[in-house]
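Here is a short tutorial talk between a learner and a teacher. Have the structure open as you read, and find each residue as it comes up.

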Amino acid sequence: MNRFRTAGLAGTLVAAMALPGAAQERPRVLATVGMLADMVDNLSDGCAEVEALMGPGIDPHLYQPTAADVARLQQADAILYVGLGLEGRLGAILGRLGADRATLGVGEGLDEGENLIRTDDAYGVDPHIWMDVALWARAIPAVSGFLGDLGCAAAPEGYAGELAALDDWVRSSIASIPPEQRALVTAHDAFGYFARAYDIQEVSLQGISTETETSIADIRDTADLVAARQVPAVFVESTINPRSIEALRAALRDRGHEVALGGTLYSDAMGETGTPEGTYIGMIRANTIRITEALGGTPAPWPDALGPWAAGQGLGNP
């Protein structure tokens, strides 16, 4: 299930598109999650018809494909997925569909050296690779080549430059948080790559999968750590029920430590379509601003290289 095994199928698609009467048809490319669809959309520059299978607020760990979703997958000319177990319940379907259409698992090409975070659970590796902007950008060449096989001449330099500027901005912003308060407390373990890349401690109530249950011991141990560090805020996630974080805040009140709710972070899905947070850059921007401000830091000035992106989102000079 990779670009190289299906290159012949992609070539057949390109040839079909070149036939008389088919010149204006665009390949239908379906990505499993919004973060990946956004990368494809940026790199294809309108050449492909790009959609995300899972929209805002959808938890890929718990996602159950409907009959309509399966039909969308079957109708796609090409499919991209993160892999690394993220779309676990889709695995069998993706395997079958990969036999007769171009597919690409972007996470598979990143498993080199120490790039991926190893885990002791059923995943084996942490699949939330988009949380480290520089690591996520390493998927650009594979996605660009995949689109080239579909007849879309992708120009990756511009998007790669934007992500490089975003990575630097996140690092500078998080560095402004006082070291003793640099702890990111969330419901589930989705921010390991963010924590490793940007020097902030990750503290989560659940493991990588949201199928696990938060125990009383988990809440107690986390409350002890947050109170001892005097962490000023904790965070909920757009795809996760906030009840475990509310239970943590109650446990902290019992310890005499009132902790603020720092806002909602985007972990496994982006924001609503048509908003800045409905893009990958906007998702990371919103997360970084909320984390930085809630924990006592000051976001760095927005980079000039991302000025055009901000203007396109109606943000002016943020």
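## Reading a predicted model together

Q: Before we start, what kind of model is this?
A: It is a predicted model. Let us take its features one by one.

Q: Which residues other than glycine have a positive phi here, for example in the loop between strand S3 (78-81) and helix H4 (91-97)?
A: The general idea is that most residues other than glycine have a negative phi. In this structure, Leu 84 has a positive phi of about 60 degrees, and Leu 84 sits in that loop between S3 and H4. Asp 199 also has a positive phi, near 60 degrees. You will find Asp 199 in the loop between helix H8 (192-198) and strand S6 (201-204).

Q: Are Leu 84 and Asp 199 buried or exposed?
A: Look at the relative accessibility: a residue is buried under 20% and exposed over 50%. Leu 84 has 17%, so Leu 84 counts as buried. Asp 199 has 53%, so Asp 199 counts as exposed.

Q: How do I read a pair of residues such as Leu 94 and Gly 105, and how many residues apart are they in sequence?
A: Put the sequence and the space side by side. Leu 94 and Gly 105 are 11 residues apart in sequence, and their C-alpha atoms are 10.0 Å apart in space. Leu 94 belongs to helix H4, and with a relative accessible area of 3%, Leu 94 is buried.

Q: What about pockets: how much space lies in the largest pocket?
A: The largest pocket holds about 480 Å³ of space. It is lined by 24 residues, and the closest to its centre are Gly 34, Asp 38, Met 270, Thr 273 and Gly 278.

Q: Which elements supply the lining of the largest pocket?
A: Helix H2 (34-44), strand S2 (49-52) and helix H7 (157-175) each supply at least two residues. The largest share, 5 residues, comes from H2. By type, the lining divides into 10 nonpolar, 10 polar and 4 charged residues.

Q: Which residues have the most contacts inside the largest nonpolar core?
A: They are Leu 166 and Tyr 280, in a core of 98 residues. Helix H7 gives the most to this core, with 7 residues. Leaving aside residues up to four places away in sequence, Leu 166 touches Val 133, Tyr 280, Ile 281, Ile 284, Trp 302 and Leu 306.

Q: How many salt bridges does the structure hold?
A: The general idea is that side chains of opposite charge can pair when their charged atoms come close. This structure holds 10 salt bridges. In one of them, the side chains of Arg 72 and Asp 69 meet at 4.0 Å, N to O. Both residues lie in helix H3 (residues 67-75), 3 residues apart, about one turn of the helix. Arg 72 is partly exposed at 26% relative accessibility, whereas Asp 69 is buried at 11%.

Q: Where is the salt bridge between Glu 246 and Arg 249, and how are its partners placed?
A: Find helix H10 (residues 243-254): Glu 246 and Arg 249 are 3 residues apart in H10, so about one helical turn separates them. Their side chains meet at 3.6 Å, N to O. Glu 246 is partly exposed at 32%, and Arg 249 is buried at 14%. Elsewhere, salt bridges that share partners join Glu 51, Asp 69 and Arg 72 into one network.

Terms used: Residues numbered from 1 in each chain as written. Predicted model: local features only at pLDDT ≥ 70, side-chain atom pairs only at ≥ 80, totals over all residues. Heavy atoms only, no water. Helix = DSSP H or I, 4+ residues; strand = E, 2+ residues; numbered from the N terminus. Buried < 20%, exposed > 50% of the residue type's maximum accessible area, 1.4 Å probe, protein only. 1 Å grid on protein atoms, 1.4 Å probe; cavity = no way out; pocket = protein on both sides within 12 Å on 5 of 7 lines; lining within 4 Å. Points joined across faces, edges and corners; volume = space filled by probe spheres on them. Nonpolar A, V, L, I, M, F, W, Y, C, P; charged D, E, K, R; others polar. Core = buried A, V, L, I, M, F, W, Y, C linked by side-chain atoms within 4.5 Å. Contact = heavy atoms within 4.5 Å.
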